[in-house]
Amino acid sequence: MKIKDFIAQKKYSSFINGSFVSPSQKTPISIDSPVEGKNWKTIFFSSKEDINRTLESSHEAFLSWKKIPSPIRGKTLKKIGNLLKENQKELAMLITQEMGKPITESEAEIEYAAGYFFWFSGEAERIYGISIPSQFENKRLHIHYEPVGVCGLITPWNFPLAIPARKIAAALAAGCTVVCKPSPETPLSLLALANLCEEAGLPPGVLNIIIGEEKEIGQQILASNLVRKISFTGSTEVGKYLFKESSTTLKKLTLELGGNAPAIVYDDANLDKAITEILAAKFRNTGQTCIAPNRIFVQESIYEDFLEKFQAKVQNLVVGDPRKETTELSMFLHPESIKKIQLHLEDAEKKGAKFLLKPKELYEPSILTEVTPKMVVFQEETFGPVCPILRFSTIEESVEMANDTPFGLAAYFFTENIQQADFSVSNLEFGIIGVNDGIPSTPQASFGGIKYSGFGREGGPTGIFEFLTEKYVSLKF
Ligand code: NAD
């Protein structure tokens with residue numbers, strides 16, 4: 001189906017074994033759009049039987065998909081990437097309608113998602129084995145890499161297309177088949193991707209998208225011996241649950257969880273450039289990214305200068321209708337997001353923080369000074385456009401405060417001094433470090449965290465290994 005016609009539909013259901021199924025469970029669920037309003041679309045949740053059928057057909061599809069030579073699989077991925085780019089405008093508007101991010105960011109999300117299909121189409125050609133010299137003349141030792149099997153992918157609402165794309169592209173390149181469960185509020189852009197995958201010639205059963213009750217789908221994926229891998233992006237709380245519950249069937253796991261990123265501005269930084277990069281990192285998706293700076297540390301000697309310049313820029317950010325090209329920040333998908341921001345701001349104020357910029361509406365940017373590690377805003381990711389600012393005197397102190405969190409996804413710092421940069425890179429306990437760079441993520445580099453931010457990597461030269469297992473072969477003659 002042409003993507004325009006696909007998007008124009010009112011009713012949607014899961015994509016199972018190559019087609020959009022008539023659900024056996026008939027209860028329609030209404031999807032509200034933060035832009036288009038209530039009852040925007042209707043979706044039919046899949047039943048337990050639908051999900052069992054999906055797991056079985058996905059396993060059957062795996063038995064043939066894994067045999068297709070990986071460079072040929074890579075060609076299909078390239079076609080999918082091209083189709084995403086050809087349909088960029090329509091898909092971007094769908095993302096904006098579905099979850100409310102500014103249209104320019106939705107366009108960037110499609111570009112980013114396509115990038116993963118292009119990257120992994122190449123990676124499919126580079127699944128090299130290893131040949132190891134033996135101490136015996138009559139032995140040959142080899143390591144082969146093989147697809148792990150059916151993969152259960154569970155994804156969040158904040159990047160409804162790019163996060164599933166980064167998992168799906170890697171899994172398909174490796175030779176795995178996929179059962180993907182998106183967030184129930186944002187399934188449409190992923191269903192649109194499934195539509196494009198069909199157009200690209202992906203065989204039935206290789207990619208399945210199941211929409212349904214999250215706990216029920218989770219339990220079925222966790223309990224199934226057919227599913228050999230779970231790749232999850234979302235909150236640390238749900239990540240811990242999946243980690244624990246997957247132990248009964250001993251699945252391979254990738255967990256991309258919450259963050260609490262620091263951004264450190266040293267006194268020798270190029271201040272204008274640092275502020276531009278912090279704005280890009282902080283306000284993308286109206287602050288709703290796992291790698292958004294959640295605590296901004298500024299060195300004493302440039303503190304006042306930084307505040308003045310930062311405030312001038314932040315108060316001029318354009319908040320409004322996400323369908324307009326000029327909008328930089330927009331509304332939220334969830335009412336809970338507003339509650340969390342309110343809680344963080346109230347707690348900070350009660351404990352002595354001061355507003356340098358106070359928002360009228362809570363989806364507008366705010367700047368807090370006199371922030372301390374005792375405040376919730378320091379300890380937890382706010383997932384909104386709140387900028388808590390702290391001052392520090394020495395480099396050691398900045399790194400110690402930045403590391404004072406159980407999370408370890410991304411960190412940023414800004415300096416022109418190579419020794420300072422080397423010290424910070426070596427001592428910051430995070431999986432991704434942006435040095436004078438607010439937007440480090442890209443398909444050809446690995447994405448992932450440590451500590452409570454999870455484990456495993458997506459994209460980059462190691463992302464494909466998350467979907468492969470090792471087979472060691474000792475050949476004696
Ligand atoms: P969430 O954990 O509530 O939900 C994520 C997904 O898990 C959704 O599809 C949801 O339906 C599903 N889910 C929830 N409970 C489940 C259960 N019991 N069984 C199976 N599935 C279940 O997270 P969210 O609110 O959608 O996303 C925001 C969080 O995601 C933030 O903490 C953010 O930092 C994190 N995140 C991390 C990354 C990363 O790459 N590290 C990227 C984006 C978002």
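Q: Of the 29 residues around the ligand, which come nearest?
A: This is a predicted model in which local features need pLDDT of at least 70, side-chain atom pairs count only at pLDDT 80 or more, and totals for chains, interfaces and linings use all residues. Residues are numbered from 1 along each chain as its sequence is written, and side-chain values use heavy atoms, with hydrogens and water left out. A residue is near the ligand if one of its heavy atoms lies within 4 Å of it. Of the 29 residues around the ligand, those that come nearest are T155, E214, S235, L257 and E381.

Q: How far from an oxygen atom of the ligand does a polar side-chain atom of S235 lie?
A: A polar contact here is a pair of N or O atoms within 3.5 Å; within protein, one must be able to donate a hydrogen and the other to accept it, and residues adjacent in sequence count only if both atoms are side-chain atoms. T155 uses a polar backbone atom, which is 2.7 Å from an oxygen atom of the ligand, whereas W157 places a polar side-chain atom 3.1 Å from a ligand oxygen. For a polar side-chain atom of S235, the distance to an oxygen atom of the ligand is 2.6 Å.

Q: What percentage of the ligand's accessible area does the protein cover?
A: Accessible areas come from the Shrake-Rupley method with a 1.4 Å probe, and for residues only the protein chains shown count as cover. On its own the ligand has 850 Å² of accessible area, and the part of this that the protein covers is 89%.

Q: Which element gives the largest share of the shell around the ligand?
A: The ligand sits in the largest pocket, in the sense that more than half of its atoms lie within 2 Å of the pocket's grid points. Two or more residues of the shell come from each of α6, α8 (214–223), β11 (227–233) and α9 (236–245), where helices (H or I, at least four residues) and strands (E, at least two) are DSSP runs numbered from the N terminus. The largest share, three residues, comes from α8.

Q: Which residues lining the largest pocket are the closest to its centre?
A: On a 1 Å grid over the protein atoms alone, a pocket is an open set of points with protein on both sides within 12 Å along at least five of seven lines, a cavity is a set where a 1.4 Å probe fits but cannot get out, and lining residues have an atom within 4 Å of a point. Points are joined across faces, edges and corners, and a volume is the space filled by probe spheres set on them. The largest pocket holds about 1,200 Å³ of space. Of its 37 lining residues, the closest to the centre are W157, F232, G234, S235 and V238.

Q: Which element gives the most to the lining of the second largest pocket?
A: The second largest pocket has a volume of about 290 Å³, and among its 15 lining residues I31, D32, S33, E185 and L333 lie nearest its centre. Two or more lining residues come from each of β4 (28–33), β5 (37–44) and α12. With five residues, the element that gives the most is β4.

Q: Which helix gives the most to the lining of the largest cavity?
A: The search of the whole structure finds two cavities of 30 Å³ or more, and the largest has a volume of about 110 Å³. Its lining includes Y112, A162, I163, R166 and F447. With three residues, the helix (residues 162–174) that gives the most is α6.
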